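Morning, everyone. Please bring up the structure on your screens. I have a helix pair and a pocket to go through.

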Amino acid sequence: MKPHALAAAALALSSLAMAGLPARAATAAPAVATAAVDHAAVARHYAALVHASYSDTLAAARDLQSAIDSFVKAPSAEGLDKARKAWLDAREFYGQTEAFRFYGGPIDDDKGPEGRLNAWPLDEAYVDYVTGKPQAGMVNNAKFKITKAALAKANERGGEENISAGWHAIEFLLWGQDQSETGPGNRPFDDYVVGKGQNAERRAQYLTVATALLVDDLGAVSKAWEPGAKNYRAKFEQGGKESVRKIIVGLGSLSRGELSGERMEVALNSQDQEDEHSCFSDNTHRDITNNARGIQNVWLGQYTRRDGSKVEGPGLRDLVAVKNPALAEKATAQIADSVKGAEAIPAPFDRAIVKGSAGRPVIEKTVASLVAQSKLLVESASAVGIAKLTLVEP
């Protein structure tokens with residue numbers, strides 16, 4: 001998310017009535033027998049799905065860590081390419097976990113690590129050199145001691161774009177500034193070769209330590225959702241209707257406030273590369289797709305793991321279908337439309353947002369679909385006995 005605070009509004013269900021939305025054809029029938037579905041069953045399965053998602057993300061981040069360790073030990077163009085690919089692979093899984101936010105869970109409660117995991121946009125000069133400022137950043141400041149504690153403390157210190165840690169700091173250290181209209185950044189591997197890159201040893205240390213901190217933070221979040229422990233998951237599984245309320249808050253807030261709002265509408269309005277999520281790697285189109293898919297995972301109660309196995313069980317769709325089958329079908333179709341729309345957004349995103357580009361209408365259509373699904377999610381909450389939600393708005 002952008003590190004600045006997003007406004008939260010308590011929305012009465014009646015304010016989001018759906019009378020004006022067109023009816024949609026049904027897609028898939030509920031996967032779980034409706035007689036077996038209640039709030040408790042949905043909360044329990046959600047917890048299992050969350051743990052599987054974070055576990056896969058953690059495993060992918062450890063693969064990234066291994067690739068980076070190999071690269072900094074013997075810098076080469078091939079090693080840098082492998083590290084970049086590992087970052088992209090790990091983002092596929094992390095992007096789907098964004099649906100587990102916005103209700104004060106382990107990822108983003110008062111002590112949660114979200115702000116140093118995925119905060120953006122990032123002031124590149126806070127971390128390393130940029131064009132016209134060869135001495136910029138903590139990498140080039142010999143007085144700055146590069147440790148996990150120091151990077152965590154420096155994150156957002158003195159300004160909300162002063163991002164020192166997380167996915168996007170690592171992304172910048174791997175790709176460098178994106179100064180191309182047709183592709184991502186192109187940081188030379190020589191930046192990490194002692195004797196060629198200025199402060200190459202410190203840059204390698206920074207990249208290594210930032211990645212270790214990322215792995216630590218993901219490990220802590222994953223542990224909070226482990227089964228059979230006295231942790232957040234144990235309390236969540238006992239939460240019944242309140243836990244379902246939190247689930248819907250997460251999906252609705254990501255749909256409207258964060259994904260369609262902060263991550264898409266802001267960029268459409270500004271047409272500024274700095275307002276795209278993964279601007280150094282040009283991976284924003286995949287971020288959007290995986291965020292949309294994460295919403296779909298929770299709605300359906302289904303998730304495809306790294307090894308290809310399936311996590312399946314009662315999802316929100318099945319719970320809503322008990323009370324209002326037509327609404328469940330409509331929301332399922334709308335959410336599928338959003339995923340399809342996101343998948344159609346062309347890369348690079350920073351060119352697709354420009355007025356007159358072929359990609360801009362695709363983004364606008366996806367935004368509209370996400371806004372529509374957020375309203376259906378609010379209506380779904382009402383159907384399952386949840387009278388009021390607090391959603392993040394753009």
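At what angle do helix α1 and helix α2 pack, and how far apart are their axes? Bear in mind that this is a predicted model. Two packed helices are described by exactly those terms, the angle between their axes and the distance between the axes. Here α1 covers residues 39-73 and α2 covers residues 77-97. The angle is about 165°, and the axes lie 8 Å apart. That angle is over 145°, so α1 runs roughly antiparallel to α2. The crossing of the two is left-handed.

Now the contact itself. On the α1 side, look for Ser53, Tyr54, Asp56 and Thr57, then Ala60, Ala61, Asp63 and Leu64, and finally Ala67, Ile68 and Phe71. They meet a set in α2 that includes Gly79, Leu80, Lys82, Trp87, Phe93 and Tyr94. What is the make-up of this contact between α1 and α2? Its residues are 14 nonpolar, 4 polar and 3 charged.

On to the pocket. This one is the second largest, with a volume of about 200 Å³. Which residues sit closest to its centre? They are Asp337, Gly341, Lys365, Thr366 and Ser369, out of 12 lining residues.

Where does the lining come from? Helices α12, residues 325-343, and α14, residues 360-383, each supply at least two residues. The most comes from α14, which gives 6 residues. By type, the lining of this second largest pocket splits into 4 nonpolar, 4 polar and 4 charged.

To recap: α1 and α2 are roughly antiparallel, and α14 gives the most to the lining of the second largest pocket. Over to you.

Conventions
Residues numbered from 1 in each chain as written. Predicted model: local features only at pLDDT ≥ 70, side-chain atom pairs only at ≥ 80, totals over all residues. Heavy atoms only, no water. Axes fitted to C-alpha atoms, helices over the stretch in contact; angles between N-to-C directions. Helix = DSSP H or I, 4+ residues; strand = E, 2+ residues; numbered from the N terminus. Parallel < 35°, antiparallel > 145°, perpendicular 65-115°, else oblique. Left-handed = near helix turned anticlockwise from the far one by under 90°. Contact = heavy atoms within 4.5 Å. Nonpolar A, V, L, I, M, F, W, Y, C, P; charged D, E, K, R; others polar. 1 Å grid on protein atoms, 1.4 Å probe; cavity = no way out; pocket = protein on both sides within 12 Å on 5 of 7 lines; lining within 4 Å. Points joined across faces, edges and corners; volume = space filled by probe spheres on them.
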